Amino acid sequence: MIKRFIEIENTIKFKTYNQDEWELLLKINRNDAIKLLLEMHLLEYSLAQIVSVKSKTTSEIIAFSLSENPNEKISTIEKINNKLKISLLFINLQYLISFLLRYYRDSHTPTNHIHLDISEKSPLGKSGDVIIETEDESNPLSGEELEKLLKNV
Amino acid sequence: MFTIKKQMLLFLSIMLCTISIINTMFAGHIETQQVLTPNGLIPIKDLKVGDLVISYNFNAKKPEDLFINTPIIKTQKNYADALYEIYIEDNRCISASPQQKFLVATQKDKDQESLTFRIEVIEAQYLTHSHMLLDSNLLTIPITQTHKKELYKVERRVKKYFWKSIKHVKRKTIFTRIDLYSIELQEPHNYLIPVFSQGIDCKDDKNIPLILMHNGLPALAAGISLAFGSTPASLSFAEASIAAGGVSLLAGPAGWAIGAAALGSYALYTLFDKGHKEQLFLEMSTDDTSDDSSKNQEPSEKNKDPKGNKNPPPPPPLGKKDRDKDPKYKNEQKSKEYPKDFKTNLTNDGKAIFKSEREARNLARNKIGHNPVDIGNNKLRSQDGKWQYRAKPKDITGEHAGGKHIHLEELNPDTGEVINNWHLFWEKND
């Protein structure tokens with residue numbers, strides 16, 4: 001089993017709001033995104049089994065791995081001390097990689113954050129979010145522009 | 001013991017008080033207020049019994065039945081000594097008497113499912129920022145400001161001179177009452193009024209919202225208004241009635257009669273007041289089991305909007321949770337199974353910033369359409385499975401991602417794959 005470890009410049013924050021609500025925020029800049037992207041590709045091609053991500057400024061560690069259970073229909077998360085173990089479905093991994101690739105290609109992302117789908121049956125609580133937030137986002141559309149865009153959809 | 005003269009004076013003063021209370025309880029609009037009818041916008045003062053106005057049919061089963069023509073069964077003219085000015089965005093203002101009833105939307109649970117509203121009937125005097133008026137598409141319009149305009153208490157100092165020296169000074173109250181017009185309709189007891197922008201010429205005023213009003217004619221019986229709500233005025237009336245009853249014990253046989261009448265009216269008020277609160281609270285519910293709905297509907301040729309469109313836009317998914325309680329809707333939901341949504345490497349994320357929360361929500365509501373299905377985890381799916389609204393409490397409070405937002409997702413209805421994930425942010429709170 002190959003375990004990888006990277007350290008990002010930006011922050012990882014884990015917050016709990018009440019017994020059932022929590023949020024894991026992984027905030028990255030473009031340099032972090034490139035590092036993370038390569039590590040995610042290692043997971044994608046099964047060239048690594050666990051990728052641990054730590055922030056230079058905060059104590060939380062996220063350990064990404066690919067879900068090995070073929071019956072699993074959604075990614076899962078568990079927390080052991082400061083370590084948050086995320087077992088990603090292949091399709092969620094691809095979504096994350098795609099988002100990071102766009103960041104790498106354009107130097108910005110179409111939106112400042114994405115949510116990764118995580119099981120509601122998480123031991124952390126029913127309502128939780130894994131959020132990847134970037135520092136650079138493209139100029140958003142105005143409400144009118146989006147309305148026009150979606151008018152005939 | 002009171003003399004007959006004193007008893008008569010007491011009787012007259014009680015009657016005057018009652019009449020005064022009844023007058024201030026009158027619901028209505030000023031004469032220039034227009035109402036939407038099949039013939040276009042007509043000033044309320046020109047409407048007569050038997051004329052048709054356009055009403056929103058909450059029991060409609062098809063989009064073409066949403067707007068129905070409803071006959072006026074009673075009109076009334078009265079006057080008020082105060083008006084409430086209800087302001088909405090773009091400096092639009094509605095003037096109405098304090099008792100004029102508005103159909104308003106309030107969020108059922110501010111922390112949880114923010115797209116779920118209940119519809120209530122609230123008098124103008126109790127409207128606040130937390131209420132949202134409803135337009136002809138049942139889209140919410142936030143109230144920006146309310147203002148009570150007193151039409152009396154204009155005091156003038158009158159000085160009377162007698163040989164260049166001041167004899168005495170009087171304070172005089174000038175009552176500048178204004179005429180009010182009210183209409184009473186058959187079911188569903190609502191009508192639409194346009195709200196023009198102040199400071200813009202009517203010709204240049206675009207996107208004029210049509211606001212839903214509840215007909216506000218109080219039912220008067222035997223000179224006693226039974227239409228009292230739990231208003232301070234009605235409470236004063238009740239207290240006054242009890243006091244009159246007490247006074248009558250000291251005032252002899254004539255006083256007993258007055259007291260009995262007053263206490264009787266209070267008993268009637270109390271009796272009718274029990275049901276009144278229920279009447280004032282209308283949960284938005286499309287009760288398909290009700291046979292009355294068919295009675296209220298006019299033939300389909302008449303169900304045209306003022307522009308002549310036969311199919312007005314469908315209303316948004318209001319009262320979703322209420323529909324869930326309806327067994328018929330439950331069955332409908334069970335029969336439809338939607339695939340689980342999932343994002344892929346082909347999913348496009350996008351972001352748009354709206355001027356207000358209302359605009360962002362309106363777009364989401366328009367897309368997810370009528371009767372969306374609650375698929376859990378703070379997600380509502382359109383009936384055709386193509387659009388999905390998603391918002392967790394933290395999205396709406398803006399605790400992450402740099403601002404308050406909701407999600408509107410375009411899905412592949414067959415697979416559940418998210419094609420586009422739009423993040424709808426807004427600049428200001430409504």
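**Exercise 1. Find how many bridges join β10(A) to β18(B), and say which way the strands run**.

Step 1: start with β10(A), residues 141-142, and β18(B); two bridges join them. Strands here are DSSP E runs of at least two residues, helices are H or I runs of at least four, and both are numbered from the N terminus. Two strands pair if DSSP finds at least two bridges between them.

Step 2: check direction; β10(A) and β18(B) run parallel.

Step 3: pick out a residue pair; I353(B) sits opposite S142(A).

A quick note on the model: it is predicted, so local features need pLDDT of at least 70 and side-chain atom pairs count only at pLDDT 80 or more, while totals for chains, interfaces and linings use all residues. Residues are numbered from 1 along each chain as its sequence is written, with chains lettered from A and ligands numbered from 1 in the order in which they are written.

**Exercise 2. Work out which parts of chain B touch chain A**.

Step 1: count the contacts (C-beta atoms, placed from the backbone, within 7 Å); 25 residues of chain B meet 28 residues of chain A.

Step 2: assign them to elements; β18 (348-356), α7 (357-368) and β23 (418-428) of chain B each give at least two residues. The largest share, seven residues, is from β18(B).

Step 3: sort this side of chain B by class, which gives eight nonpolar, eight polar and nine charged residues. Nonpolar means Ala, Val, Leu, Ile, Met, Phe, Trp, Tyr, Cys and Pro, charged means Asp, Glu, Lys and Arg, and the others, Gly among them, are polar.

**Exercise 3. Describe how α3(A) and α7(B) are placed, roughly parallel or roughly antiparallel**.

Step 1: take the axes, lines fitted to C-alpha atoms (for helices over the stretch in contact), with angles from 0 to 180 degrees between N-to-C directions. Those of α3(A), residues 143-150, and α7(B) come within 11 Å and cross at roughly 10°.

Step 2: classify; α3(A) and α7(B) are therefore roughly parallel, the word for angles under 35 degrees (over 145 is roughly antiparallel, 65 to 115 roughly perpendicular, the rest oblique).

Step 3: list the residues in contact: G143(A), L146(A), E147(A) and L150(A) meet E359(B), A360(B), L363(B) and K367(B).

**Exercise 4. Lay out the five-stranded sheet of chain A**.

Step 1: read the order, β1-β4-β5-β7-β6, in an open sheet with mixed pairing.

Step 2: find the edges; β1 (3-8) and β6 (76-80) of chain A have a single partner strand each, so one side of each lacks a neighbour in the sheet.

Step 3: look inside; six bridges join β5(A) to β7(A), which run parallel, and F64(A) has I86(A) as its bridge partner.

Conventions:
Two residues are in contact if their C-beta atoms, placed from the backbone, lie within 7 Å.
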